[in-house]
Amino acid sequence: MKVPMCHITIYGNKKDRKAVLEYLQRQQILDISQPNPNEVEQGFSQISTGEAQSEFLRQRNQGERALAILQKYAPESTGLFSSLKGRKPLSTQLYYQFVDDIPEMQHIAQELISRSDEITEKQNAIVHCKSVLEELQPWLTLDVPMEWDSTTGNGRVKSCVGIAGVFTEQLSETEILSRYDAAANTQDGEAPAISIEVIDAQPQQTCVWLVCRNEDAAHCETLLHSIGFSRPKIAFSHIPKEMQQIQEKQIAQLEQEIQELEKEIILYRGTRNAMKFLIDYFDMRTDKYQVLSELHQRNHIFALSGYVPEESVPDLTAQLEHVYHTAVEIEPESAMEEPPILLRNPVLAQPVEGIVRTFAMPRKSEIDPTTIMSIFYYIFFGLMFSDAGYGLVMVLSCGIALRKFRNMEESMRKSLKMFLLCGISTMFWGIMFGSYFGDAVSVISSTFFNHEISIPPVWFEPVNNPMKMLMFSFLFGIIHLFTGLGISLYQYLKRKDYASAFSDCICWFMLVGGGIVYLFHVDMFLEMASISAKLPTWAANIAAVIAGIGALGIVLTTSRFGGIGKRLAKGLYSLYNITGWLSDILSYSRLLALGLATGVIATVFNKMGSMFGGGIVGAILFILVFLIGHALNIGVNLLGAYVHTNRLQFVEFFSKFYEGGGREFKPFAANTRYYKFQHEPSEVRTNEN
């Protein structure tokens with residue numbers, strides 16, 4: 001059912017606006033809307049909080065980065081089912097203790113980021129050193145510095161200069177000198193004398209060291225460039241071997257410094273929860289300042305409007321008036337056009353509220369279909385899965401998870417409850433059809449105990465009597481569709497739209513219902529359905545007359561505007577929708593199809609496992625095939641049952657009465673990732689900026 005709403009407008013002292021917003025954010029019962037536009041004309045205005053929000057976002061991102069650093073260097077142990085644990089509860093008292101420590105948390109976050117940046121810088125330096133070592137490899141046999149001339153000769157020949165360089169192909173000293181002389185000849189000059197030593201020769205690179213006189217250095221290098229010579233990417237005033245040692249020592253030193261920084265970061269692992277709170281805290285403040293920018297304010301007062309569940313109005317009003325000294329105006333739901341929709345249903349129906357929400361929230365004029373839909377949802381899911389063993393697995397898995405992880409998120413809790421109830425339905429239909437992990441009982445008993453034991457179905461086995469199952473699938477579908485049509489009739493009558501109730505509902509009841517009853521007089525249908533009893537002729541004639549009256553009513557009354565010809569044309573077009581009804585009813589054959597698929601696949605895996613015979617080896621192999629095969633069958637057919645059960649609700653059921661389009665109730669709340677904030681009304685603190 002839909003929770004009745006009230007529209008509330010709050011007027012308070014401007015100095016208390018942040019405290020009021022914080023209180024409302026913690027209460028999570030006010031869906032904030034824009035105030036009345038007339039208030040703007042009365043001197044109200046809005047303020048910009050963009051700069052503050054940007055700062056909060058920066059602080060939040062800083063906390064996020066610090067938490068990521070802790071997770072990298074001191075990973076938090078998480079189990080397979082950690083996603084079920086939910087957020088940690090945090091009382092108001094502990095919340096304010098954390099708030100008092102915010103400056104220290106920010107300092108810690110900065111320290112973590114600073115150390116992480118240092119590590120990154122040192123890692124980049126190591127990469128550079130390793131790159132230098134890689135470049136040095138071809139030059140390690142050179143026993144003089146790569147940069148050497150008359151000014152840095154270090155006691156060597158002062159009149160000469162040494163030049164290190166590379167060619168982009170493999171060349172010998174003779175080939176280089178030959179090309180060098182040829183280059184000089186092309187310029188009609190004489191080649192200065194040089195001495196060349198090949199240091200390293202590879203297919204795509206030749207490293208050379210050459211010596212020439214100081215006064216010839218420029219001319220020599222020009223000639224060498226013309227034949228493909230170039231300076232190396234690196235050149236040092238040290239001998240390559242010495243440079244290698246320097247780089248290796250530097251890498252070792254940098255790695256040691258990184259280890260020290262990592263140890264310092266690990267020492268902060270106890271602040272992980274503080275970083276999580278820092279993220280949530282600034283998320284909350286960002287949301288609060290976003291609302292603050294939407295408030296209508298003037299010199300000394302502010303105005304805030306929104307929607308509140310009717311049941312929460314007395315307590316909220318008392319708190320706002322007595323603690324925060326605000327003025328509160330209440331407007332009942334009857335005076336509102338389209339209030340936000342909050343669903344609250346009985347225990348068994350609550351788990352499928354998410355299914356309705358996925359499709360669309362009901363409008364103000366529509367009923368909440370959750371409770372009625374839940375009955376069919378559980379029945380259809382069980383029919384499609386229809387194995388008592390699989391249902392037991394679902395019940396145990398969901399039950400254990402719900403019991404062990406009591407603090408899980410409400411959406412996850414509802415989903416698990418839904419699958420638990422679907423598991424109970426699956427067990428029921430599995431017992432009715434005699435399916436326990438397929439035919440596992442008879443296969444195991446005959447294979448390993450040489451005596452077949454079987455558990456007979458309470459009703460019948462769909463595999464042996466598929467036509468009977470198909471007929472009952474259609475019956476369930478007709479009941480489902482007629483229920484939807486009945487809801488539509490109720491909504492029309494509630495709105496006192498009697499003409500639509502007759503043309504869109506009663507006439508279709510007569511046409512479809514009469515047609516279905518008449519089928520029980522048709523021999524071909526009775527033979528296909530394996531039904532022996534035949535409807536008397538007089539009853540069939542009455543059913544045909546009722547169907548005809550329904551068809552005539554649809555043609556004559558569906559369109560109530562325009563000329564007679566136009567109205568009849570629209571009526572005939574509406575009558576064509578009988579094919580849609582036929583398609584909808586046939587859609588319920590998926591109840592048979594998926595139910596058979598589950599049972600047949602389970603039986604196949606049982607047969608595969610029993611192929612290895614009895615004995616210890618056969619038992620081990622049977623267990624392996626059994627576990628793997630049935631796990632796959634559960635996964636695939638569980639998904640299929642979920643998808644197709646949803647489809648029967650969305651396409652067949654909802655199309656008969658439900659449009660949706662309502663706005664979901666979304667209260668101003670603490671949208672946090674790590675902590676679930678609890679609020680005790682008696683504890684009030686108003687000194688937060």
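Here are some worked exercises on this predicted model.

Residues are numbered from 1 along each chain as its sequence is written. Because the model is predicted, local features need pLDDT of at least 70 and side-chain atom pairs count only at pLDDT 80 or more, while totals for chains, interfaces and linings use all residues, and side-chain values use heavy atoms, with hydrogens and water left out.

**Exercise 1: a sheet, strand by strand**

Task: work out the strand order of the open sheet that holds β4, β5, β7 and β6, and find which strands stand at the edges.

Solution:

Step 1. Let's get the words straight. Strands are DSSP runs of E with at least two residues, helices are runs of H or I with at least four, and both are numbered from the N terminus. Two strands pair if DSSP finds at least two bridges between them.

Step 2. Take β4 (residues 147–148) and β5 (residues 160–167). They pair in the antiparallel sense over two bridges, with W148 opposite G162.

Step 3. Now go from β5 to β7 (residues 205–213). That pairing is antiparallel too, over eight bridges. Follow a few partners across: G162 stands opposite V211, I163 is bridged to L210, and A164 has W209 as its partner.

Step 4. β7 also pairs with β6 (residues 194–202), again antiparallel and over eight bridges. Here W209 faces E197, and a hairpin of two residues joins β6 to β7.

Step 5. Put the pairs in a row and you get β4-β5-β7-β6, an open sheet of four strands with antiparallel pairing. β4 and β6 are at the edges with a single partner strand each, so one side of each is left without a neighbour in the sheet.

**Exercise 2: what covers the sheet**

Task: decide how many residues of β5 are buried, and which helices lie across β5, β6 and β7.

Solution:

Step 1. Buried means under 20% relative accessible area, exposed means over 50%, and partly exposed is in between (1.4 Å probe, protein chains only).

Step 2. Eight of the eight residues in β5 are buried. Look at both faces: C160, G162, A164 and V166 are on one side, with V161, I163, G165 and F167 on the other.

Step 3. Helix α6 (residues 173–186) lies across β5, β6 and β7, at about 130 degrees to β6. Helix α7 (residues 217–226) lies across those strands as well, at about 155 degrees to β7. For these angles, axes are lines fitted to C-alpha atoms, for helices over the stretch in contact, and the angles run from 0 to 180 degrees between N-to-C directions.

**Exercise 3: two helices that cross**

Task: describe how α16 and α21 meet, and which residues make the contact.

Solution:

Step 1. The axes of α16 (residues 466–494) and α21 (residues 578–587) come within 8 Å and cross at roughly 130 degrees.

Step 2. The two helices are therefore oblique to each other. The cut-offs are under 35 degrees for roughly parallel, over 145 for roughly antiparallel, 65 to 115 for roughly perpendicular, and oblique for the rest.

Step 3. Next, the residues: F474, I478, L481, F482 and L485 of α16 meet W581, D584, I585 and L586 of α21. Contact means heavy atoms within 4.5 Å.

Step 4. Sorted by class, the contact has eight nonpolar, no polar and one charged residues. Ala, Val, Leu, Ile, Met, Phe, Trp, Tyr, Cys and Pro count as nonpolar, Asp, Glu, Lys and Arg as charged, and the others, Gly among them, as polar.

**Exercise 4: buried or exposed?**

Task: sort H325 and S386 into buried or exposed, then do Q244.

Solution:

Step 1. H325 is in the loop between α10 (313–322) and β10 (327–332). Its phi is near 55 degrees, a positive value in a residue other than glycine. At 56% relative accessibility, H325 is exposed.

Step 2. S386 is in the loop between α12 (370–385) and α13 (388–404). S386 also isn't a glycine, and its phi is positive, at about 40 degrees. With 7% relative accessibility, S386 is buried.

Step 3. Q244 lies in α8 (residues 240–266) and is buried, with a relative accessible area of 14%. Leaving aside neighbours within four places in sequence, Q244 is in contact with L133, L136, Q137 and L140.
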